[in-house]
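I'm opening a fresh page for a structure I haven't looked at before. The plan is to go from overall size to sheets to helices, jotting things down as I go.

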Amino acid sequence: MSTVRLTTAQALVRFLAAQYTERDGERHRLIAATWGIFGHGNVAGIGQALVEDRTRMPFHQGRNEQATVHAAVGYARQSNRLSAHAVTTSIGPGATNLVTGAALATIDHLPVLLLPGDTFATRPADPVLQQLQLPYAGDVSVNDCLRPVSVYFDRVGRPEALVPAALEAARVLADPAATGAVTLALPQDVQAEAYDWPEEFFAERTWRVRRPRPDAAELDAAVRAVRAAERPLVVAGGGVRYSGAEDALRALAERAGLPVATTQAGKGVLPYDHPCDVGGVGHTGTETADALARTADLVIGVGTRYTDFTTASGTLFPEGARFLNLNVTGFDAHKQAALPLVADAREALTALTAALDGHRAREPEEWAAAKRDWQRRVDAAYAAPDEDARPTQAQVLGALDTLVDARDILINAAGSLPGDLHKLWRPRSADQYHVEYGYSCMGYEIPAAIGVLLAAPGRPVWALVGDGTYLMNPTEIVTAVQERLPLRLVVLQNHGYASIGGLSEAVGAERYGTDYRYRDADGGFTGPPLPVDLGANAASLGMRVLRPRTVRDLREALKEARAATVPTCVYVETETPDTVSGPPPAPAWWDVPVAETATRKAAVEAREEYDRHVTARRRHL
């Protein structure tokens with residue numbers, strides 16, 4: 001057997017550069033690039049290997065380890081999970097900074113390969129710098145924090161152990177039912193150790209992304225359920241998009257006469273003006289979709305996890321409703337005591353459409369009037385009667401709505417914007433709406449936008465962030481500048497955590513600690529907003545910054561930003577009415593427990609309201 005003498009790190013980089021995925025005859029690099037921040041624990045191993053193989057493995061320099069994972073996740077989502085990025089870090093804090101990003105990737109079923117440095121396998125000194133020492137376990141390092149948030153974890157304690165570990169990591173990354181964060185912890189001495197590797201290890205290898213077809217008996221049961229239903233409703237999630245099943249969903253909806261409501265991850269799988277699209281569903285959904293959900297006798301979930309926002313914490317769907325779930329994972333297919341149809345979303349939808357053989361359950365006229373009424377409410381939220389006034393958050397979205405086309409991509413994750421977007425935004429293409437709401441991680445938007453720009457060069461990409469999110473993680477602006485990526489950043493300044501402020505008020509916590517104001521001696525927060533200028537901060541990091549003051553200015557600034565070829569920030573102070581943003585209120589409940597006993601009137605009243613809602617919760621068995 002022919003061998004090649006390389007260090008473990010060199011072997012890993014060369015192996016990753018030769019891995020591909022294939023689906024429907026299209027081939028993609030499994031690991032298209034590596035992100036990293038170098039320190040002791042990876043600079044002499046992975047860092048040196050990336051220098052040697054920089055023509056095979058592109059490298060992106062990050063500023064915060066959590067942010068590099070977010071960038072990799074943004075790339076993977078835009079690539080429909082067919083291509084991913086790796087992230088390398090030093091040992092210690094560099095490695096533990098990965099945990100939040102890893103949790104996000106695993107919760108959202110998005111592939112990312114994590115390569116944290118680890119302490120010495122040979123233990124020449126104990127402890128080394130940044131090593132965690134536990135008196136009861138000598139084989140534990142801080143990287144073990146990544147175990148519960150990884151779908152696969154291995155510590156490569158010997159060079160030869162890399163062969164099975166790397167193969168298993170690649171397999172999991174390419175598996176649509178099992179993908180998420182994959183971690184290979186790499187002791188720093190093992191990274192630099194040389195070994196004679198079999199040449200076959202570095203041969204090009206293609207991992208076929210499966211499209212499992214539905215079981216015949218499950219399909220038959222699904223057909224009977226749809227035929228028997230009088231008021232069926234489809235709830236489409238992110239699995240539709242990752243399967244590339246938009247056309248198959250459209251065909252089923254049109255032929256069988258099915259209304260399609262969407263989760264945050266599924267929004268856009270049908271364009272907003274399609275007759276069968278009824279908008280977002282759940283706590284942040286539309287009145288149209290939620291009214292249909294409250295009367296549905298069969299809920300057909302396609303690629304959804306049924307989070308509490310989708311089900312309105314178990315209060316949305318009526319008692320007696322049955323569920324049929326099309327999902328590539330058996331775990332999600334069985335939720336809500338559903339009839340499972342475990343299969344790839346495109347394959348399952350295609351088979352179901354054919355088996356229904358022309359059956360038609362409903363007609364779009366049933367919900368057309370409600371949909372038109374909802375669009376009028378959207379128009380009202382977007383409208384700006386006074387062009388010379390400061391815009392509300394909804395009016396910012398309205399100004400952007402008039403500007404974009406199907407090429408534009410919007411990215412958001414946390415605060416009040418996800419709710420406004422889910423209710424109001426009108427997606428023009430299947431991949432325009434990119435709201436990360438599985439983990440709803442503040443600080444996701446800017447680095448994720450960079451990942452999307454790398455996956456979709458030439459398309460306008462907008463990162464929409466509030467002031468709270470911006471303060472969490474602005475560092476990757478420098479990366480956008482370094483990479484010459486035309487990131488379009490819209491920062492909405494409302495001087496506080498507006499979303500949580502509204503929630504705080506609703507649960508009797510009186511908005512305490514949610515505004516950016518000076519601290520009083522008695523622990524209160526009063527006075528004018530803090531003199532914080534986030535636009536100046538963005539400019540100091542290398543962005544071009546536009547500062548619209550009015551709705552009229554805003555329209556011109558957004559137009560200018562869309563045409564820009566350099567990273568550009570639109571920094572706008574928004575009006576902060578009591579409703580935070582001005583759109584219709586949430587049409588369904590969300591369970592946030594309220595203090596069962598309290599002395600303050602606000603909390604007592606909030607508990608009474610909570611007790612009224614919680615009685616409507618149902619378990620569908």
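Below are my notes, entry by entry.

**Entry 1: the whole thing.** First a reminder to myself: this is a predicted model. I looked up the overall dimensions, and the C-alpha atoms fill a box of roughly 70 × 70 × 55 Å along the principal axes. Does the radius of gyration fit what, a compact globule or something else? I checked: a compact globule with 621 residues would come out near 25 Å, and the protein has 25 Å, so the two agree. For the parts list, I get 24 helices and 25 strands.

**Entry 2: a sheet early in the chain.** I went for the strands next. One open sheet has 6 strands with parallel pairing, and I read the order as 5-4-6-7-9-8. Which strands sit at its edges? They are strand 5 (59–61) and strand 8 (152–155); each has a single partner strand, so one side of each has no neighbour in the sheet. From one strand to the next, the twist averages 20°.

I zoomed in on the strand 5 edge. Strand 4 (residues 31–36) runs parallel to strand 5, and 3 bridges join them. I looked up Gly36 in particular, and its bridge partner in strand 5 is Gln61.

**Entry 3: what lies on that sheet.** Helix 6 lies across strand 4, strand 7 (112–118), strand 8 and strand 9 (181–187). Against strand 9, I noted that helix 6 runs at about 160°.

**Entry 4: helix 1 and helix 6.** Here I followed helix 6 (residues 162–173) to helix 1 (residues 8–17): they pack at an angle of about 30°, with axes 11 Å apart. That makes helix 1 roughly parallel to helix 6. The crossing of the two is right-handed. Who touches whom? On the helix 1 side I listed Thr8, Ala11, Leu12 and Phe15, and on the helix 6 side Leu162, Ala166, Leu167 and Ala170. Sorted by class, this contact of helix 1 with helix 6 has 7 nonpolar residues, 1 polar and no charged ones.

**Entry 5: helix 1 and helix 2.** Helix 1 also has helix 2 (residues 43–52) to deal with: their axes come within 8 Å and cross at roughly 50°. Helix 1 and helix 2 are therefore oblique to each other. Helix 1 passes helix 2 in a right-handed crossing. From helix 1, I wrote down Ala9, Gln10, Leu12 and Val13; from helix 2, Gly45, Ile46, Gln48, Ala49, Leu50 and Glu52. The split for this contact of helix 1 with helix 2 is 6 nonpolar, 3 polar and 1 charged.

**Entry 6: another sheet, further along.** I then moved on to an open sheet of 6 strands in the order 14-13-12-15-16-17, with parallel pairing. Its edges are strand 14 (277–280) and strand 17 (339–342), each with a single partner strand, so one side of each lacks a neighbour in the sheet. Neighbouring strands here are turned by 20° against each other on average, direction ignored.

Inside this sheet, I picked strand 12 (residues 232–236) and strand 15 (residues 298–302), which pair in the parallel sense over 5 bridges. One residue to look at is Val234, whose bridge partner in strand 15 is Ile300.

**Entry 7: a helix over this sheet.** Last lookup: helix 8 (residues 216–228) lies across strand 15, strand 16 (322–327) and strand 17. Its direction is about 130° to strand 17.

Methods
Residues numbered from 1 in each chain as written. Predicted model: local features only at pLDDT ≥ 70, side-chain atom pairs only at ≥ 80, totals over all residues. Heavy atoms only, no water. Axes fitted to C-alpha atoms, helices over the stretch in contact; angles between N-to-C directions. Helix = DSSP H or I, 4+ residues; strand = E, 2+ residues; numbered from the N terminus. Parallel < 35°, antiparallel > 145°, perpendicular 65-115°, else oblique. Left-handed = near helix turned anticlockwise from the far one by under 90°. Contact = heavy atoms within 4.5 Å. Nonpolar A, V, L, I, M, F, W, Y, C, P; charged D, E, K, R; others polar. Pairing = 2+ DSSP bridges. Rg over C-alpha atoms; globule rule 2.2 N^0.38 Å.
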